[in-house]
Structures are given as C-alpha cells and as structure tokens.
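User: I have a chain open in the viewer and would like to talk it through with you. Could you start with whatever I need in order to read the contact figures?

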Amino acid sequence: MSRSLRRGALAATAIVISIASLSACGAGNDAQTLGVRPDNAAVTVDDVQIQNAVVITQPEPGAEGPAVVSATVFNNGRAPQTLESITLPGTPAKVTLKAAQGSGPITVPAGGSVVIGGKGNASATIENGREAAKNGDTQKVVFKLSKTGDVELSAFVVPATSYFKDFGPTEIPKPPAATPTGTATPTGTATPGHGAEGTATATPTGEASHSAGH
C-alpha cells in the first residue's frame, strides 16, 4: 500500500472512532434532558443530579396566573427517592407538586430520571406566578428529596414563549372581554307640563338619524 493510501485509511479510522466516542457520550444523562439549553441551571448532590432548572412565568409580562418550575431530576443511586417539595427561598410562593400519573408523590426511580414540566410529565406549579422573581432574573430553587435532602441551585426566570412555550404554565388567563364604548345620553329637553312635572324624550347618541325631510 502506498504512503498516501495508508494516510487516507488512518484518517478515516480516526473519524469513525471520533463519531463512536461522541455517540457514547450522548447516551448518558445529557441525552435525556429533552434538548434543553445547556446554559440552564444544573447541580449534583450525592446521587441526585438536577439539570435544566428554570422558573417559567406567563407569556405576557405582568399577567396574572400561575408559573411553573421545570427541570429534569436524575437519581443515580440504587434506591428510589421521593421529591417531597420544591421551594423558592425569599418569596412567599407556594409550589404544588403533581406526579405525571395519579395523585401520588413524584418518585424518581433508582438509576432513572423524572422530567418536571411539559405535557404528560410531572408538574410543579407556583400558584401565584407573580410571587416568583421577574423575568431575566435568577431565583433560588430548593428541591427536597427523601434521602438526599435539600438540593439548591439558582434558576433563570423566563416567560413561556419561544422554546419554553411547551414547558410553561398550562393555565393561561384569557384576555378581558370587550365592553361597549358608546352610552346613551338624553338629547331632548324637558317641556313644562301640568303642575310641577314635565316630560322629556331622549335618543341615544352615536346612532344614525334621518335628516329632516325624509
């Protein structure tokens, strides 16, 4: 084999090895995070790893309604753990947890993970979304697990738009119904009648009237 052919074969082998290595890396925890942006909050404490934690508010700034906490919780231990609570230190906000199926607690299986937020997944709803931090800020979030205890991180606060639309609050307040702008006001004048009483006629303003002669 010529020297140039050998060099080509070695280069091709190197490319195959590189692709295989990347594929193997993609099979780890990072491959299970629904493609959420890697710059979102992540932390590891003992056997628990939390990735892509964000607080997602209503899509319209200042809108009333709930917000949510979205994250992926991994349990690398040999025993399942229960997510007992999620709190937002420094705020009066209350977070209500709900499993993906049924009314039981959110359980993170041994060697598995749980996605919080998004259709068909577990949910963590902040009843009064305006009690969470403002969009663009960071908010401390504490995940309390049955064996590991408190796992704290700082999460970005973002509106439920663009990428985060499908992970945001499911309850979106409807805009207020339109109200009529015109009101009827009297245009006639009272004419003296018998005694101290008079009569008056009124026509609504804003309505078309026929001109004299028709």
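Analyst: A contact here means heavy atoms within 4.5 Å. Among contacts in the protein chain between residues at least 6 apart in sequence, 63% join residues at least 24 apart. This is a predicted model, in which local features need pLDDT of at least 70 and side-chain atom pairs count only at pLDDT 80 or more, while totals for chains, interfaces and linings use all residues. Residues are numbered from 1 along each chain as its sequence is written, and side-chain values use heavy atoms, with hydrogens and water left out.

User: Fine. What does the secondary structure of the protein chain come to?

Analyst: The protein chain has one helix and twelve strands, where helices (H or I, at least four residues) and strands (E, at least two) are DSSP runs numbered from the N terminus. Read from the N terminus, the order is α-β-β-β-β-β-β-β-β-β-β-β-β.

User: And what share of the residues is buried?

Analyst: Of the 214 residues in the protein chain, 30% are buried; buried means under 20% relative accessible area, exposed over 50%, and partly exposed in between, using a 1.4 Å probe and protein chains only. The chain exposes about 13,800 Å², and carbon and sulfur atoms supply 55% of that area. Accessible areas come from the Shrake-Rupley method with a 1.4 Å probe, and for residues only the protein chains shown count as cover.

User: Which residues touch the most other members of the largest nonpolar core?

Analyst: They are Ile-50, Val-69, Ile-86, Ile-116, Ile-126, Val-141 and Phe-143, in a core of 31 residues. Such a core is a set of buried Ala, Val, Leu, Ile, Met, Phe, Trp, Tyr and Cys residues joined through side-chain atoms within 4.5 Å. The elements that give two or more residues to this core include strand 2 (48-57), strand 3 (67-75), strand 4 (81-87), strand 9 (138-145) and strand 10 (149-159). Apart from it lies another core, of seven residues, among them Val-54, Ile-56, Phe-164 and Phe-167.

User: Why would nonpolar side chains be buried together?

Analyst: As a general matter, nonpolar side chains tend to be buried together in soluble globular proteins.

User: Let's zoom in, then. What does Val-141 touch?

Analyst: Not counting residues up to four places away in sequence, Val-141 touches Val-55, Val-69, Ile-86, Thr-87, Leu-88, Pro-89, Val-151, Glu-152, Leu-153 and Ala-155.

User: Val-151 caught my eye, because I was looking at Val-45 as well; how far apart are the C-alpha atoms of Val-45 and Val-151? Is Val-45 buried or exposed?

Analyst: Their C-alpha atoms are separated by 6.6 Å, although the two residues are 106 residues apart along the chain. Val-45 lies in strand 1 and counts as partly exposed at 25% relative accessibility. Leaving out residues up to four places away in sequence, Val-45 touches Thr-148 and Val-151.

User: Switching topic: what is the volume of the largest pocket, and which residues lie nearest its centre?

Analyst: Its volume is about 310 Å³, and of the 19 residues that line it, Val-68, Thr-125, Gly-168, Pro-169 and Thr-170 lie nearest the centre. On a 1 Å grid over the protein atoms alone, with a 1.4 Å probe, a pocket is an open set of points with protein on both sides within 12 Å along at least five of seven lines, and lining residues have an atom within 4 Å of a point. Grid points are joined across faces, edges and corners, and a volume is the space filled by probe spheres set on the points. The largest share of that lining, three residues, comes from strand 8 (residues 123-126).

User: Where is Thr-125 found, and what is it in contact with?

Analyst: Thr-125 is found in strand 8 and is partly exposed, with a relative accessible area of 21%. Leaving aside neighbours within four places in sequence, Thr-125 is in contact with Pro-66, Ala-67, Val-68, Lys-94, Val-95 and Thr-96. Thr-125 and Ala-67 are 58 residues apart in sequence and 6.0 Å apart in space, C-alpha to C-alpha.

User: One last thing: what is phi of Asp-46 near, and of Asn-52?

Analyst: Phi of Asp-46 is near 55°, a positive value in a residue other than glycine, and phi of Asn-52 is likewise near 55°. Asp-46 is in the loop between strand 1 (41-45) and strand 2 and counts as exposed at 64% relative accessibility, whereas Asn-52 lies in strand 2 and is buried, with a relative accessible area of 7%.
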